Amino acid sequence: MILNNIGILTSGGDSPGMNSAIKAIVNFASIYNIKVFGFLYGYKGLILNNYKILSNFYVNNIIHLGGTILGTSRSKLFFTTKGREISYKNLKKNKINALIVIGGNGTLKGISKFSNEYKIPIIGIPGTIDNDIYGTDLTLGYDTALNSIVNTVDNLKEIAYSNNRIFIIEVMGKNTGYLAYYSGIALSPLYIVHNNKYNLNNIQEELKKKKIKSNIIIVAENKYIGNASKLIYKKIKKNIKNYEFRHTILGYIQRGGKPSSIDRLLGYLFGKESIKRLINYKNNIVLGVKNNKIINIKLKKLINFNKKFNNNNFYNIYL
Ligand code: F6P
């Protein structure tokens with residue numbers, strides 16, 4: 001089969017570095033005279049047949065931008081048989097012979113379902129700030145989000161120390177706690193709750209040891225429980241007296257912003273390697289990073305496994 005038209009899309013939560021991946025895909029595709037259809041707002045664009053043809057000129061000046069120039073969404077329709085059928089028809093109509101999707105667990109699980117039903121070469125790129133995709137040490141956007149958290153919480157530390165307060169700060173990361181754990185190490189807080197486990201007595205002991213009334217506690221969001229940090233804040237406030245506590249949810253500020261150099265490089269590598277793999281008939285895989293190499297993860301595996309938190313992971317990535 002000649003690879004002459006490919007589709008790409010970004011879906012789910014946007015993550016810094018997605019634009020770098022889009023640019024690399026378009027640049028490397030052009031070397032092989034492959035036309036790139038950029039579907040807008042994720043699977044929604046595929047279903048509505050809403051796309052832009054992406055040229056080198058179009059993607060020339062996007063590498064430094066956060067978010068995704070293609071737009072994104074969490075499409076419920078793609079999770080229906082009908083939605084996937086329409087998507088396939090649109091791909092056929094445009095004579096598209098391969099698809100690259102960039103996104104998190106939901107996006108990759110959706111495309112895995114699609115690839116069980118329809119025969120079209122697929123490459124997935126793990127794009128999420130949560131670093132929660134099975135098989136890869138690193139996801140696109142995680143490094144930038146870590147840096148954003150560290151920079152923002154540094155500001156909060158100034159308030160904590162000027163006002164003699166203890167801030168309980170919730171960070172994103174869905175259910176794996178990577179962002180909380182590793183931003184925590186970089187911020188040196190009083191306490192890190194990365195897996196919803198904490199001990200009030202230990203917190204109290206730590207406070208006594210420090211002899212000052214200013215500090216921060218980092219808490220991972222937890223989608224299973226919801227309001228995890230608020231519950232902890234209420235409990236701490238009720239049980240530990242003589243300290244002034246405040247509660248802050250960092251929110252979407254940690255998902256935006258200019259991609260770090262690591263995320264730009266990762267986006268570039270993922271984009272380039274997607275095209276190389278399609279050219280070499282390697283497909284129905286998600287790309288990942290292990291021991292500083294770009295690896296292939298079978299799409300099927302993603303359906304059956306969830307990434308578990310591993311605190312050796314840091315060393316695999318950075319050392
Ligand atoms: O997956 C990225 C992420 O930002 C998570 O950290 C967070 O739980 C979720 O998306 C928020 O989703 P939404 O943008 O749909 O509110």
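A salt bridge here is a side-chain nitrogen of Lys or Arg within 4 Å of a carboxyl oxygen of Asp or Glu. Keep that cut-off at hand, because the tour of this predicted model opens with a group of residues that meets it: Arg165, Glu244 and Arg246 are linked in a network of salt bridges.

**Stop 1: the salt-bridge network**

Select Arg165, Glu244 and Arg246, the three members of the network. Now zoom in on the pair formed by Arg246 and Glu244, whose side chains come to 2.8 Å, N to O. Is this pair hidden or open to the outside? Arg246 is partly exposed, at 30% relative accessible area, and Glu244 is also partly exposed, at 34%. Across the structure, the count of salt bridges comes to 11.

**Stop 2: a buried pair across the sequence**

Next, select Arg255 and Asp14. They form a salt bridge too, with the closest N and O atoms 3.3 Å apart. Arg255 belongs to the loop between β9 (244-249) and α9 (261-279), and Asp14 to the loop between β1 (5-11) and α1 (18-31), so the pair ties together parts that are 241 residues apart in sequence. Colour by accessibility and you will find both Arg255 and Asp14 buried.

**Stop 3: along helix α9**

Move on to Glu273 and Lys276, whose side chains meet in a salt bridge at 3.5 Å, N to O. Both are in helix α9, 3 residues apart, which puts about one helical turn between them. Their surroundings are worth a look: Glu273 is buried, with a relative accessible area of 13%, whereas Lys276 counts as partly exposed at 37%.

**Stop 4: the two domains**

Zoom out and colour residues 5-141 together with 259-304 as domain 1, then 145-255 as domain 2. Computed from C-alpha atoms in your viewer, how far apart should the centres of domain 1 and domain 2 be? The computed separation is 34 Å. For the place where they meet, look for 10 residues of domain 1 in contact with 10 residues of domain 2.

**Stop 5: the nonpolar cores**

Show Ile6, Ile8, Ile22, Ile100 and Leu179 as sticks. These have the most contacts inside the largest nonpolar core, which has 55 residues. Domain 1 and domain 2 both give residues to this core, so it lies between them.

Centre the view on Ile100 and leave out residues up to four places away in sequence. What does Ile100 touch? Its partners are Ile6, Gly7, Ile8, Leu9, Ile25, Ile123, Ile125, Ser274, Ile275 and Leu278. Apart from the core just shown lies another one of 23 residues, including Ile111, Phe114, Ile297 and Leu299.

**Stop 6: Tyr178 and Asn310**

Select Tyr178, in helix α6 (residues 178-187). At 0% relative accessibility, Tyr178 counts as buried. Draw a line from its C-alpha to that of Glu273, and you cross 26 Å between residues that are 95 apart in sequence.

Now add Asn310, in the loop between α10 (299-304) and α11 (313-318). Once its neighbours within four places in sequence are set aside, Asn310 is in contact with Tyr178 and Tyr182. Asn310 is partly exposed, with a relative accessible area of 32%. From Asn310 to Gly7 the C-alpha distance is 34 Å, and their positions lie 303 residues apart along the chain as the sequence separation.

**Stop 7: a nonpolar patch on the surface**

Switch to a surface view and pick Tyr224, Ile225 and Leu231. Together they make a nonpolar surface patch of about 360 Å². Tyr224 is in the loop between β8 (215-220) and α8 (228-239), and it is exposed at 72% relative accessible area.

**Stop 8: two asparagines with positive phi**

Most residues other than glycine have a negative phi. With that in mind, check Asn33 and then Asn131. Phi of Asn33 is near 55°, and phi of Asn131 is near 55° as well.

Where do Asn33 and Asn131 sit? Asn33 lies in the loop between α1 and β2 (35-39), and Asn131 in the loop between β5 (122-126) and α5 (142-163). Buried or exposed? Asn33 counts as exposed at 68% relative accessibility, while Asn131 is buried, at 0%.

Note on methods
Residues are numbered from 1 along each chain as its sequence is written. This is a predicted model: local features need pLDDT of at least 70, side-chain atom pairs count only at pLDDT 80 or more; totals for chains, interfaces and linings use all residues. Side-chain values use heavy atoms; hydrogens and water are left out. A nonpolar core is a set of buried Ala, Val, Leu, Ile, Met, Phe, Trp, Tyr and Cys residues joined through side-chain atoms within 4.5 Å. Buried means under 20% relative accessible area, exposed over 50%, partly exposed in between (1.4 Å probe, protein chains only). Domain bounds come from an automatic or database domain assignment. Contact means heavy atoms within 4.5 Å. Patches are made of residues with over 30% relative accessible area and no salt bridge: like charges are joined within 9 Å, nonpolar side chains (Val, Leu, Ile, Met, Phe, Trp, Tyr) within 5 Å. Accessible areas come from the Shrake-Rupley method with a 1.4 Å probe; for residues, only the protein chains shown count as cover. Helices (H or I, at least four residues) and strands (E, at least two) are DSSP runs, numbered from the N terminus.
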